[in-house]
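Have a look at the sequence and the model below. Some short questions and answers follow.

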Amino acid sequence: MSRYPFARIDLAALKHNLQQVRHFAPNSKVMSVIKADAYGHGVIQVAQALMQSDAFAVARFSEALTLRKHGFVQPITIFEGVSTLEEWQLAAEFELTPVLHQQQHLEFLLKAQIHQPLSFLWLMLETGMHRLGLPQQDVIKIIDALEQRSDLVSKLGLMSHFANSDVLNDARNIQQLTVMKNLAETTGLPVCMANSAAIISLPESHYDWIRPGLMLYGASPFANKSGADVGLKPVMQLISKLIATQQLKAGDEVGYGGQWTADKPVRMGVVSIGYGDGYSRHLSNLGKVLIRGKDVPIIGRVSMDTVCVNLNDCPQAQLDDEVIIWGANELAVEWLADKAGTIPYELLTCVTPRVQREYLNG
Ligand SMILES: *Cc1c(COP(=O)(O)O)cnc(C)c1O
């Protein structure tokens with residue numbers, strides 16, 4: 001049975017990238033962000049490889065429970081927080097670390113029956129992102145209320161999230177940082193603010209805890225920099241194979257809608273990868289793959305299971321050749337994402353379960 005296409009996940013590269021994170025922010029604790037199945041890499045294997053993290057972070061309660069059920073004992077932050085009485089009680093029972101971003105959710109916590117207090121609660125502050133966050137003017141009151149209730153929460157921290165950290169030297173980053181700095185000074189609480197882009201480009205945002213996601217997987221959050229430029233190694237290599245070749249003559253149209261027409265004789269190849277595997281349909285006529293180290297352009301529309309490629313510049317290509325879809329220095333997922341008009345986060349998290357993950361260096 002053919003294993004193609006598959007995603008080769010290099011766990012040694014993941015560990016290297018964690019080292020690189022620590023190199024950028026040597027004085028901060030690291031909360032490794034492994035939400036969305038570890039950005040499509042497989043959360044259990046990734047969590048195992050990232051055991052040296054000081055904590056893990058996920059978006060949702062169910063993701064945190066999955067980690068606990070697999071025996072991970074590290075602190076686990078839940079970015080979207082918990083919203084019902086029952087969830088607060090379960091969060092305490094499973095020793096999870098929710099983020100409080102909505103005042104109404106606090107009312108449930110204050111009524112909860114818990115045997116041992118939450119060891120930590122992050123307060124998400126609104127500093128300019130305008131997504132999840134408590135209004136600044138409410139924060140001091142909330143801290144006062146919680147400090148009276150050591151039966152519910154042992155320790156508090158301040159969290160916030162940048163809206164533009166992937167834009168270098170953007171004044172809005174400094175504005176957000178200034179709001180945080182003032183609250184950090186007033187309250188004396190530990191702070192967690194930097195995601196990957198801020199870890200790399202805004203050292204003054206590092207504080208006590210950092211929250212790397214994308215950079216752990218070896219990709220760069222900056223449009224004009226690759227992961228390799230900042231010392232990262234790609235973790236996922238997506239690989240498939242050439243399942244057919246055909247000789248086209250001038251005038252032949254390729255694929256659905258005939259969106260590409262040969263203007264001369266062309267040797268065409270068919271690669272087993274499509275949008276049903278998470279390969280973006282926006283790469284129709286724009287993407288490329290690597291065969292025997294050569295760039296091979298996509299021609300026509302991306303289908304559900306296949307893409308067609310022009311083999312004229314790669315005459316050595318043969319049926320059953322391996323094809324690199326992304327994850328090589330010559331073909332970074334960041335480059336492909338830009339071609340597709342999106343970001344590497346989306347391409348990585350959209351790889352569907354049909355694509356087997358194979359783990360190297362575990
Ligand atoms: C996803 C997420 C992160 C990680 O961001 P990267 O850009 O992948 O490093 C950090 N903080 C929050 C709140 C997030 O939702």
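## Rings, cores and the whole fold

Q: Is Y345 buried, partly exposed or exposed?
A: The model is a predicted one. Y345 has a relative accessible area of 27%. Buried means under 20%, and exposed means over 50%. The value for Y345 falls in between, so this residue is partly exposed.

Q: Is Y39 buried or exposed?
A: The relative accessibility of Y39 is 6%. The cut-off for buried is under 20%. Y39 therefore counts as buried.

Q: How many aromatic pairs does a search of the whole structure find?
A: The search covers the whole structure. Its count of aromatic pairs is six.

Q: Are the rings of Y39 and Y345 stacked, tilted or edge-to-face?
A: The ring centres of Y39 and Y345 lie 6.1 Å apart, and the planes meet at 40°. Stacked needs under 30 degrees and edge-to-face over 60. The angle for Y39 and Y345 fits neither, so the pair is tilted.

Q: How many residues apart in the chain are Y39 and Y345?
A: Y39 sits in helix α2, residues 35-40. Y345 sits in helix α11, residues 344-349. The pair links distant parts of the chain, and the separation is 306 residues.

Q: Which residue forms one aromatic cluster with Y39 and Y345?
A: Y39 and Y345 pair through their rings. Their aromatic cluster also takes in Y217.

Q: What kind of pair do the rings of F120 and W122 form?
A: Both F120 and W122 are buried. Their ring centres are 4.7 Å apart, with the planes at 45°. Tilted covers angles that are neither under 30 degrees nor over 60. The F120 and W122 pair is therefore tilted.

Q: Which residues touch the most other members of the largest nonpolar core?
A: This core holds 117 residues. One of the residues with the most contacts to other members is L123. L123 touches residues including L100, L134, I142 and M159, leaving out those up to four places away in sequence. The full set with the most contacts is I34, L123, Y279 and W326.

Q: How many residues are in the other core?
A: This core lies apart from the largest one. Among its members are V266, M268, V270 and I299. Its size is nine residues.

Q: What percentage of the residues in the protein is buried?
A: The protein has 362 residues. Its secondary structure comes to 11 helices and 18 strands. The buried share of the residues is 53%.

Key: Residues are numbered from 1 along each chain as its sequence is written. This is a predicted model: local features need pLDDT of at least 70, side-chain atom pairs count only at pLDDT 80 or more; totals for chains, interfaces and linings use all residues. Side-chain values use heavy atoms; hydrogens and water are left out. Helices (H or I, at least four residues) and strands (E, at least two) are DSSP runs, numbered from the N terminus. Buried means under 20% relative accessible area, exposed over 50%, partly exposed in between (1.4 Å probe, protein chains only). A nonpolar core is a set of buried Ala, Val, Leu, Ile, Met, Phe, Trp, Tyr and Cys residues joined through side-chain atoms within 4.5 Å. Contact means heavy atoms within 4.5 Å. Rings of Phe, Tyr and Trp (its six-membered ring) pair if their centres lie within 6.5 Å; planes under 30 degrees apart count as stacked, over 60 as edge-to-face and the rest as tilted.
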